[in-house]
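Visitor: I'd like a close look at the salt bridges, please, and at how they sit in the rest of the fold. Keep the cut-offs handy, as I'll want to know what each term means.

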Amino acid sequence: TGGYQSSIGADSVFTLTVIDDDLADFSFVYNELHIDPASDISGDANGDGTRDSKEDEFIELVNTGSTAFDLSGYYMTDNTEPNLAPRHIFPTGTVVDSGQAIVVFGGGIPTSPTNFGGAVVQTASENNDGVGLGNDGKTLYVKNSDGLTVLSQAYDATQGNANQSITRSPDLTGDFISHSGVTAANGALFSPGMKLD
């Protein structure tokens, strides 16, 4: 009515509860980031026979939820992208099963004799910089179709200049360390879509 009330009396309680199913059901973790591919053919993470500083970068997410999740319309970006514009938009039909990984490469034609452990595999869709994992460090985001952040992960310049991926050890729950520094990795520089061992 245009009036002003400086406080609400003790017997006047207002409760507002907002439930967003998209946010409540989103249960993913960043599990591995290949920021700095080794400078020779050993950096060929996408397996297409060519080492490329952008195309062989990748981001691995794992669905830790108890059910399959439809990522259609969600997108990846980072804090250096102007206006947080998408670097990759998950296309229609991107469904990730419970416990399954999704790997997004910077480009190329991902090829693997292990089929990347049964992961969903895609390549960056939105610009010429691939997934854009700069070596100086940045913060990565997954956002829903409304632009709300549902997952974020920061890394620093030391992690960004490792000449190999950084990975959680143990998988899914541990801290990020250099991939070959994990005993179970047996010297491997990366493991897109697969566990450390």
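Guide: Let's start with contacts, meaning heavy atoms within 4.5 Å. Of those in the protein chain with a separation of 6 or more, 61% are between residues 24 or more positions apart. Keep in mind that this is a predicted model: local features need pLDDT of at least 70, side-chain atom pairs count only at pLDDT 80 or more, and totals for chains, interfaces and linings use all residues. Residues are numbered from 1 along each chain as its sequence is written, while side-chain values use heavy atoms, with hydrogens and water left out.

Now for the frame around the salt bridges. The protein chain has one helix and 12 strands, taken as DSSP runs numbered from the N terminus (H or I, at least four residues, for helices; E, at least two, for strands). In sequence order, the helix is followed by the strands. Of its 197 residues, 42% count as buried, where buried means under 20% relative accessible area, exposed over 50%, and partly exposed in between (1.4 Å probe, protein chains only).

On to your part. A salt bridge here is a side-chain nitrogen of Lys or Arg within 4 Å of a carboxyl oxygen of Asp or Glu, and that rule gives four of them. D78 is a good place to zoom in. Its side chain meets that of R87 in a salt bridge at 2.6 Å, N to O, and D78 also forms one with K138, with the closest N and O atoms 3.5 Å apart. The D78 and K138 pair ties distant parts of the chain together: D78 is in strand β4 (residues 75-78) and K138 in strand β9, 60 residues apart. R87 and D78 are both buried, and K138 is buried along with D78. Add E81 and you have the network of salt bridges, which links D78, E81, R87 and K138.

K54 and D129 form another salt bridge, with 3.3 Å between the closest N and O atoms. This pair also joins distant parts of the chain, but from loops: K54 lies between β1 (28-34) and β2 (58-63), D129 between β8 (120-123) and β9 (137-143), 75 residues apart. Neither residue counts as buried, because K54 has a relative accessibility of 37% and D129 a relative accessible area of 37%.

Three of the strands flanking those loops, β1, β2 and β8, belong to an open, mixed sheet of six strands in the order β8-β7-β2-β1-β11-β12. β8 and β12 (175-178) are the edges, each with a single partner strand, so one side of each has no neighbour in the sheet. Strands count as paired if DSSP finds at least two bridges between them. β1 and β2 pair in the antiparallel sense over six bridges, with L33 bridged to I59 in β2. Strand β7 (residues 101-105) pairs with β8 in the parallel sense over four bridges, and V103 has V121 in β8 as its bridge partner. The side chains along β8 alternate: V120 and Q122 point to one face and are buried, while V121 and T123 point to the other and are not.
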